[in-house]
Amino acid sequence: MLLIACPYCGPRPEIEFVARGEAHVARPAADADPQAIAEALYVRDNTRGLLAERWRHLHGCGRFFNAVRHTVTDKFVTTYRVGDPRPDLAALAEELAR
């Protein structure tokens, strides 16, 4: 079973969590044109490699957090609290390659 390290509760089994999409997505203003709103809602990177994602510890503390996950291997590289800056994905990828 895959363990995910909740930054609030520590490592827990994956069945306690739900993915909520790509993290650090800028939301458009309420009065933005419909095309900008549609792109913000539906257009996402389809990254092969490291991706910052938003997760929720649904069956635990209930809190949202961010995680950097490798989309090919499904390995969680790091997790961090919402509001913390996104780690440098290039530096993390280089570190993993060593």
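Which side chain of opposite charge is nearest to E22, and how far away is it?

1. **The charge at E22.** In this predicted model, the nearest side chain of opposite charge to E22 is R44, at a distance of 4.3 Å, and E22 is buried yet has no salt bridge. The reason that this pair is not counted is the cut-off, because a salt bridge requires the side-chain nitrogen to lie within 4 Å of the carboxyl oxygen. E22 itself belongs to strand β3, which covers residues 18–22. Setting aside residues up to four places away in sequence, E22 touches R44, D45, L51, A52, E53 and R54, and a colleague reading the model may wish to look at R44 and E22 together, given the 4.3 Å between them.

2. **Overall layout.** The protein chain holds 2 helices and 6 strands, and from the N terminus on these elements follow the order β-β-β-α-β-β-β-α. Taken along the principal axes, the C-alpha atoms fill a box of roughly 45 × 35 × 20 Å. Of the 98 residues in the chain, 24% are buried. Among contacts with a separation of 6 or more, 44% are made by residues 24 or more positions apart. The chain exposes about 6500 Å², of which carbon and sulfur atoms supply 50%.

3. **The nonpolar cores.** The largest nonpolar core is made up of 7 residues, namely I4, C6, F17, W55, F65, A67 and F76. Strands β1 (3–6) and β5 each supply at least two residues of this core. There is also a second, separate core of 6 residues, with A23, L50, A52 and L92 among them. As background, nonpolar side chains tend to be buried together in soluble globular proteins. A52 deserves a remark in passing, since this member of the second core is also one of the residues that E22 touches.

4. **The surroundings of C6.** C6, a member of the largest core, is in contact with P11, F17, H57 and C61 once its neighbours within four places in sequence are left aside. Of these partners, F17 is itself listed in that core.

5. **The linked salt bridges.** The structure holds 3 salt bridges. In one of them the side chains of E53 and R69 meet at 2.8 Å, N to O; E53 lies in strand β4 and R69 in strand β5, so the pair ties together parts that are 16 residues apart in sequence. R69 also meets D74 in a salt bridge, at 2.7 Å from N to O, and E53, R69 and D74 are thereby linked in a network of salt bridges. How buried or exposed are the members of this network, E53, R69 and D74? E53 counts as buried because its relative accessibility is 8%, and R69 likewise counts as buried at 14%, whereas D74, with a relative accessible area of 36%, is partly exposed. E53 is also among the residues that E22 touches.

6. **The salt bridge between R98 and E94.** R98 forms a salt bridge with E94, and the closest N and O atoms of this pair are 3.7 Å apart. R98 counts as exposed because its relative accessibility is 75%, and E94 counts as exposed at 51%.

7. **A nonpolar patch on the surface.** L41, Y42 and V43 form a nonpolar patch on the surface, with about 380 Å² of accessible area together. L41 is located in helix α1, which spans residues 34–42, and this leucine is exposed because its relative accessible area is 53%, where the limit for exposed is over 50%.

8. **Two loop positions.** R27 sits in the loop between β3 and α1 and counts as exposed, because its relative accessibility is 60%. The C-alpha atoms of R27 and I37 are separated by 8.0 Å, the two residues being 10 residues apart along the chain. G60 is placed in the loop between β4 (50–56) and β5 (64–70), and is partly exposed with a relative accessible area of 47%. From C-alpha to C-alpha, G60 and G21 are 19 Å apart in space, while in sequence they are 39 residues apart.

Notes
Residues numbered from 1 in each chain as written. Predicted model: local features only at pLDDT ≥ 70, side-chain atom pairs only at ≥ 80, totals over all residues. Heavy atoms only, no water. Helix = DSSP H or I, 4+ residues; strand = E, 2+ residues; numbered from the N terminus. Buried < 20%, exposed > 50% of the residue type's maximum accessible area, 1.4 Å probe, protein only. Core = buried A, V, L, I, M, F, W, Y, C linked by side-chain atoms within 4.5 Å. Contact = heavy atoms within 4.5 Å. Lys, Arg positive; Asp, Glu negative; His and termini not counted. Patch = residues over 30% accessible without salt bridge, like charges linked within 9 Å, V, L, I, M, F, W, Y side chains within 5 Å. Areas by Shrake-Rupley, 256 points an atom, 1.4 Å probe, with all protein chains shown as cover.
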